[in-house]
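Work through the exercises below with the sequence and the 3D view open. Try each task before reading its solution.

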Amino acid sequence: MDAIPYLAAVSAILGLFVAGFFFKNVKAAPPGDDRMVFLMTEIQKGARAFLKQEYSWVSVFVVAMALLIGLLIAPAAAITYVIGAVLSALAGYIGMTVATMANARTTEAAKSGPGKALPIAFRGGAVMGFSVAGLALLGLMAVYVLFILVLEVDDAFEVVTAYGLGASSIALFSRVGGGIYTKAADVGADLVGKVEAGIPEDDPRNPATIADNVGDNVGDVAGMGADLFESYAGSILAPISLVAFALGLGAEQATAVTNISLLTFPMAIAFAGMVASIVGSFLVKGGNSTDTKALSKALHMGTNVAMALTVVATVGISFWLFGDNEAFDAPLGLAIAVIGGLVVGWALGKTAEYYTSDHFAPVKKIASQTETGPATTILGGISAGMVSVAASVGLLAIGVAVAYWGGEMAFDSIGNLDGGIYGIAVAAIGMLATTGVVVSVDAYGPIADNAGGIAEMAELDPSVREVTDALDSLGNTTAAVAKGFAVGSAALTALALFKSFEFAIAQAGGSLSLDVGRVEVFIGLFLGAMLPFLFAALTIDAVGRAAQEMIEEVRRQFREIPGLREGKPGVNPDSARCVAISTAASLKEMIIPGALAVVVPLVLGFINVDTLGGFLAGALVTGFCLAIFMSNAGGAWDNAKKYIEAGAHGGKGSDNHKAAVVGDTVGDPFKDTSGPSMNILIKVMTIVSLVFASAFVG
């Protein structure tokens, strides 16, 4: 048992070695002709310039928060906060760097068919996947070993929890800033290019095309990587903090037999999941078919194998840690809780796939609604997204019930720690145990999207674009699946952190009431229910304003640059201007939504902790539902457009296609800005409350 944190750290290092192996593998692949290399380099320069500016802005916030934590909580907590923030930013930067290398190489491989292209895109994503999982787990284990086992600092578990807050801070700004960037460029490029100018997606004449491809990397790779880094670290931290605050543990009690079993169980699951992900990642191989079902089967092989191995390992770990301890009645119960979380995470992903893949009825229905224009297209997407919430909430409720039952089976209670609540907490790590391979599959999508853009801009044979389009269509679905895992784990993690917050308040000498009959709790509940809507409005509005500026710039260039729209030789758009517009707008617009998640809980906590408790409960429920609704509605609109572009309902250039493009541009901020930011929002607010709990009471 004592070796588990070290074993987890070793598996994290092994994951980083795998990331290095895949990096060399991708780098060795040919990047194509001079035009393709030029386009790849332009995308790389734009992405690096944006991340450099974004991290410069966010570092000011990180320094301010570190000072606040150091003054109100503990200097050691400020250190772990900064470690979490730095590693999260590093994971995003590594992923973006490799993704911008893999795009042209995937395009070049697509000349030989999907069997060559899919593995390169996946391996590019795998660098991101194992960098995220490896750095998150290694950083957390290093913090745990150093501050709890070696230094035995005061308020040891508050110090460790601050690591999660650092990761959450970067994730929120990266998701919001990157999401605004990518969708401003995407909306501008699509509305002016496809609808007004009648030119193909990623046409080299379109000034916003480079900015759009840069956005895929800073939003869907770097932003997504920081998001999953935070989700993964949070899912391991949640049960650790729950045990520590429920039992009032300090560093000196962390080595007692029962305590160490409860504390290290999530670490052991993370260890097993990392090893399983590494095995699964080597099983992804492409076939020769462009059929998305065949490609999907190839891509998901790694995920399915990793999940199966994790299930087997979880049963063994449960009996190893709890089998010989009389405090536990049935160790299998905790295995059931973890496996239940894993299965529900998978089911949430499959639900997202059903509502967003063009193989199923909801997307085909939206495509058919383009026959009567943009209005019915938008209505169809909204209703599909809303219906998907009902299915997802039902699945989450089943997952919570199974996890609670499994935890209760394992043990009724130990001190103030309820077995059922512990079961729910470890179910979250079940959902994200295979993060390495899940993120690999998710990051594959933007690489495939970029590959298609380079094929179009480099004016390659249409057969190459046919291959990249098949890969890209699958990428939209894999992204929706990963978002299902992320938002499901967010709900369970936030619930566990919320319970930890309740214990932390009691430990600090205060009390927390969630009686809705009390006016302060009632007010907090409504404020919490409101905030995700306000956050969504601010982020959607930010995309709208930035896209408006982008649209005007693209129109200006088509109007004022002679021969650009006609595609005369030697006439090139001013792509740098569009990149600058997206960069400036996204950095400016991310500040207020990002600050809300930290400032509002702090203000409410210092006023009244019961109001804050109601606020967190309200935000958790509405934030989860909004995240599912927006992500799935956006994904459905996007794939309805791609379904039509593949030849259905009149194909490219038809009125149906134009209606689908309008639906897609409405869905862009839904699925890539506001929706995926929701799961970070609810966790950031909860973990801020937990870290500052003692300050609120004091």
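**Exercise 1.** Does Arg465 count as buried or exposed?

Solution. Start with the source of the coordinates: this is a predicted model, in which local features need pLDDT of at least 70 and side-chain atom pairs count only at pLDDT 80 or more, while totals for chains, interfaces and linings use all residues. Residues are numbered from 1 along each chain as its sequence is written, and side-chain values use heavy atoms, with hydrogens and water left out.
Next, take the cut-offs: buried is under 20% relative accessible area, exposed is over 50%, and partly exposed is in between (1.4 Å probe, protein chains only). Arg465 has 11% relative accessibility, so Arg465 is buried. Now look for its partner. Glu456 makes a salt bridge with Arg465, and their closest N and O atoms are 3.2 Å apart. The term means a side-chain nitrogen of Lys or Arg within 4 Å of a carboxyl oxygen of Asp or Glu.

**Exercise 2.** Find the parts of the chain that the salt bridge between Asp227 and Arg175 ties together.

Solution. First, recall the principle. Side chains of opposite charge can pair when their charged atoms come close.
Second, check the distance. From N to O, the side chains of Asp227 and Arg175 are 3.1 Å apart.
Third, place both residues. Asp227 belongs to helix α6 (residues 209-247) and Arg175 to helix α5 (residues 156-197), so the bridge ties together parts 52 residues apart in sequence. Helices here are DSSP runs (H or I, at least four residues), strands are E runs of at least two, and both are numbered from the N terminus.
Fourth, check burial. Asp227 is buried at 2% relative accessible area. Arg175 is buried too, at 3%.

**Exercise 3.** Trace the network that contains Asp664 and Lys641.

Solution. Begin with the pair. The side chains of Asp664 and Lys641 form a salt bridge of 2.9 Å, N to O. Asp664 sits in helix α19 (residues 655-691) and Lys641 in helix α18 (residues 609-645); the two are 23 residues apart. Asp664 is buried, with 1% relative accessibility. Lys641 is buried at 2%.
Then follow the shared partners. Salt bridges join Lys183, Asp638, Lys641, Lys642, Asp664, Asp668, Lys671 and Asp672 into one network. Finish with the total: the structure holds 24 salt bridges.

**Exercise 4.** Classify the ring pair Phe328 and Phe411.

Solution. Set the rule first. Rings of Phe, Tyr and Trp (its six-membered ring) pair if their centres lie within 6.5 Å; planes under 30 degrees apart are stacked, over 60 edge-to-face, and the rest tilted. The count is 16 aromatic pairs. For Phe328 and Phe411, the centres are 5.4 Å apart and the planes stand at 90°, so this pair is edge-to-face.
Now locate the rings. Phe328 is in the loop between α8 (292-322) and α9 (332-356). Phe411 is in the loop between α11 (374-410) and β1 (413-414), 83 residues apart from Phe328. Both Phe328 and Phe411 are buried. Together with Phe265, Phe322 and Tyr422, they form one aromatic cluster.

**Exercise 5.** Describe the surroundings of Ser131.

Solution. Ser131 lies in helix α4 (residues 114-150). Ser131 is buried, at 3% relative accessibility. Its side chain reaches the backbone oxygen of Val127 at 2.6 Å. Set aside neighbours within four places in sequence: Ser131 is then in contact (heavy atoms within 4.5 Å) with Leu16, Ala19, Ala91, Ile94 and Ala136.

Terms used. A polar contact is a pair of N or O atoms within 3.5 Å; within protein, one must be able to donate a hydrogen and the other to accept it, and residues adjacent in sequence count only if both atoms are side-chain atoms.
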